[in-house]
Amino acid sequence: MHFRDTLKINGKGHLEIGGADCVDLVWEFGTPLYVLDEAHIRNMMRAYRNTFLEEYNGNGTVYYASKVFCCKAIYAIAAQEGIGADVVSAGELYTALQAGFPAEQLCFHGNNKLPREISYALANGVGTLVIDAYREADLIDAEAEKLGRVQNVLIRINPGVEAHTHAYVQTATTDSKFGFSVSDGSAEKIAAYVLSKKNLRLKGFHCHIGSQIFEKESFVIAAEKLMDFVFALKQSLKYEAETLNLGGGFGIWYTDDDAKIGCEGYSGYLRAIIGTVKRKCCEYGLRLPHLCVEPGRSIVGEAGITLYTVGAIKEIPAIRKYVAVDGGMFESPRYALYQSKYSALIANRADEAPCEKVSIAGKCCESGDLIGVNINLPKAETGDILAVFSTGAYHYSMASNYNRNFVPPVVLVKDGKADYIVKPQTFEDLVRNDVIPDRLK
Ligand code: LLP
């Protein structure tokens, strides 16, 4: 089992996160509960930011990828740490603005931004929009004209890099709904088109090659391909990009099959990208571009755990043992979607060695509602507190009210102190938007 500095077992044999005893957290906040370790989040944001400062004269921007975990408090932390954020919907943008996040530090993505989302982004002064379709170039240009402004934009490029990750989260192979391919000339065509627009300032290019990627080589190849493209464009269009955004995608630890990267290791990914860009600029005689990355999972993933109470236990001899908890696919959808692997332990007996492999079942009415399979645990008993690791990313943000279960609250812990950053839902929340039309009465 992988334990970070702020995740440990205390003298009572209880799991501790950010100095808070998980048994006390459950006593105070109940289960299921998402818990995030503030120090871990800040350390990761700093690691990326400092790497740009130390290795690239600060000529880089870290955009926190909001989609992994979005609520007002995370934007407050990102703002304090001096990093930007990417948003992919009006809802994420609204949340950032509500948190007082500086709009010019936002980058707006998406393969099909709605006209109303584009107007909303421009009206609020979003710093950069990433163009992913001709229609978007037209809409942003028209909106900027209305406002009497020139809008900074990037174009999303599909460099055709195949990253080693789950097929569902690959985004930059040739068959992708995202971006303009370099190989078929469409990237060059859209660049010429955007350059012809009066109210758009083409700052450069963006790519994102996938998520939960460990191979440094994938990022290096993507950076090389983007630089080759920048050079080709300088030859053909006499346009030299000022900004390159390499997206996110750095992998995290879920089980001992995964590497434990750590702050230094994540800096290493960024150093490899920076090194590649410097080398290519030298080779091609290009100016060093402003570099951006958009890490998400690596910032909050390992910072999070989910705490549950064990309920029913069902053993099917010679087949498997189900340990059911008070959560499920409504708050932990990644097993159902991607067959993702997790590690867990019993937080109130965290010092006990595992002795069996179990499947952790949720409480939703479908057989596929599992949180994880083949999880090593000591013998679980009803009433135990189960802690599942690395749930900070793509859990709360992908949660739903399926089966009209509550989306669990989120607490942020620091130096043993825990505060809600997302409050619990109530029954009233569940029916808030329900209407019975008169004809049904
Ligand atoms: N930038 C862009 C344009 C992205 O599409 C993504 C993630 C990121 C940055 C952040 O990537 P990260 O550093 O978190 O890997 N729901 C899936 C993952 C979907 C990834 C979507 N894009 C999961 O739970 O594994």
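**Close-up views of a predicted model**

**View 1. The surroundings of helix H5.** What covers the buried residues of H5, by contact (heavy atoms within 4.5 Å), includes helix H4 (90-98), strand S7 (106-108), strand S8 (128-131), helix H6 (134-147) and strand S9 (151-158). The model is predicted, with local features needing pLDDT of at least 70 and side-chain atom pairs counting only at pLDDT 80 or more, whereas totals for chains, interfaces and linings use all residues. Residues are numbered from 1 along each chain as its sequence is written, and side-chain values use heavy atoms, with hydrogens and water left out. Helices (H or I, at least four residues) and strands (E, at least two) are DSSP runs numbered from the N terminus.

**View 2. The two faces of helix H5.** In H5 (residues 115-123), the buried residues (under 20% relative accessible area, 1.4 Å probe, protein chains only) are Glu117, Ile118, Ala121 and Leu122. Seen down the helix axis, these residues fall within an arc of 130°, taken from the directions from the axis to the C-beta atoms, and so line one face of H5. The face turned away from this buried side carries Arg116 and Ala123, which are exposed (over 50%). Gly125, which follows H5, has a positive phi near 75°.

**View 3. Strand S15 and its partners S14 and S17.** Strand S14 (residues 304-316) pairs with strand S15 (residues 320-325) in the antiparallel sense over 5 bridges, where pairing requires at least two DSSP bridges between the strands. The two strands form a hairpin with 3 residues between them, and Ala318 in the turn has a positive phi of about 65°. Val323 of S15 is the bridge partner of Ile313, and Val323 also has Ile360 in S17 as a bridge partner. S15 and S17 (residues 356-361) pair in the parallel sense over 3 bridges.
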